[in-house]
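Hi,

Here is the structure I promised to pass on. Have a look at it first, and my notes follow underneath.

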Amino acid sequence: MKNQQFVVIGLGRFGSSLALELMDLGYEVLGVDRNEEVVDEMSNFLTYAVVADATDEDMLRSLGIRNFDCGIVAIGDDIQMSILAAILLKEMGIRQVVAKAISVLHGRALEKLGVDRVIFPERDMGIRVAHQLVTPNLLDYIELSKDYSIVELTVPAALDGKTIGEVNARSRFGCSIVAVQKPGGCLIAPTSLDLMNTNDIMVVIGNNNSIHDFETAID
Ligand code: ADP
């Protein structure tokens, strides 16, 4: 077991998937939900699973919540409960509090309470899927800032057998291929002589416009 400990409040679709993934990654996870059925279902898969109301301060204290490294408020639909749970986690002094928001206003309220990271799973997934739909080679992307991103693209047939130097993304488009994932392993910081083949995955960093021009040119 890795030594970071997580408490997930609310084991709905988002909370349970997050909790299970953290377990898979080797972390200890306490799951809390007021619904007994949900807790029963999850109890075999989490380090601990407890039936409790996240607004019951005494109960949270008795669970030793303040000793956890990170608390995630995964209650979405019930904004009032989400906010109360976030206040309690912050007051208890958990080092990092993360909360899911279902609307911009909900997110703003959580930020004002000092929640360290507010996430908008539905909104972010909608944006991600839209990008993937209009860019068929796009597997994933990370926004570094408003203008810069890192994207993962499958190498299209048009680039099969070409070297990084021949593709010349940096001079032609202003973005850089910083890694190429091949069936045998990952080439980090590839040189201009390294070859790419269809279905390899290239990791490209750059300005969003440059990346868009590159994606369009190779499609
Ligand atoms: P999702 O959309 O991810 O399924 P929901 O908001 O529908 O999220 O579900 C959140 C979960 O949080 C539910 O399982 C619900 O029982 C639980 N929950 C809601 N309010 C509280 C609370 N005050 N204390 C503990 N668990 C709660």
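I started with one pair of residues across two strands: Ile 177 has Val 204 as its bridge partner in S11. Keep in mind as you read that this is a predicted model.

That pair belongs to a longer match. Strand S9 (residues 176-182) and strand S11 (residues 201-207) run antiparallel and are joined by 5 bridges. S9 also pairs with strand S10 (residues 185-188), again in the antiparallel sense, over 4 bridges. On that side, Ala 179 has Ile 188 as its bridge partner in S10. S9 and S10 make a hairpin, with 2 residues between them.

The loop between S10 and S11 has a couple of backbone oddities. Ala 189 sits in that loop, and its phi is near 50 degrees, a positive value in a residue other than glycine. Asn 199 is in the loop between S10 and S11 too, with a positive phi near 75 degrees.

Are they buried or exposed? Ala 189 counts as exposed because it has 10 C-beta neighbours inside 10 Å, and the cut-off for exposed is 12 or fewer. Asn 199 has 13 other C-beta atoms within 10 Å, so it is partly exposed.

Now the ligand. There are 19 residues around it, and Gly 10, Gly 12, Arg 13, Phe 14 and Ala 54 come nearest. By type, the shell splits into 7 nonpolar, 6 polar and 6 charged residues. Helix H1 (13-24) and strand S2 (28-33) each supply at least two of the shell residues, and H1 gives the most, with 3.

Cheers

Key
Residues numbered from 1 in each chain as written. Predicted model: local features only at pLDDT ≥ 70, side-chain atom pairs only at ≥ 80, totals over all residues. Near = placed C-beta within 6 Å. Nonpolar A, V, L, I, M, F, W, Y, C, P; charged D, E, K, R; others polar. Pairing = 2+ DSSP bridges. Buried ≥ 20, exposed ≤ 12 C-beta atoms within 10 Å, placed from the backbone.
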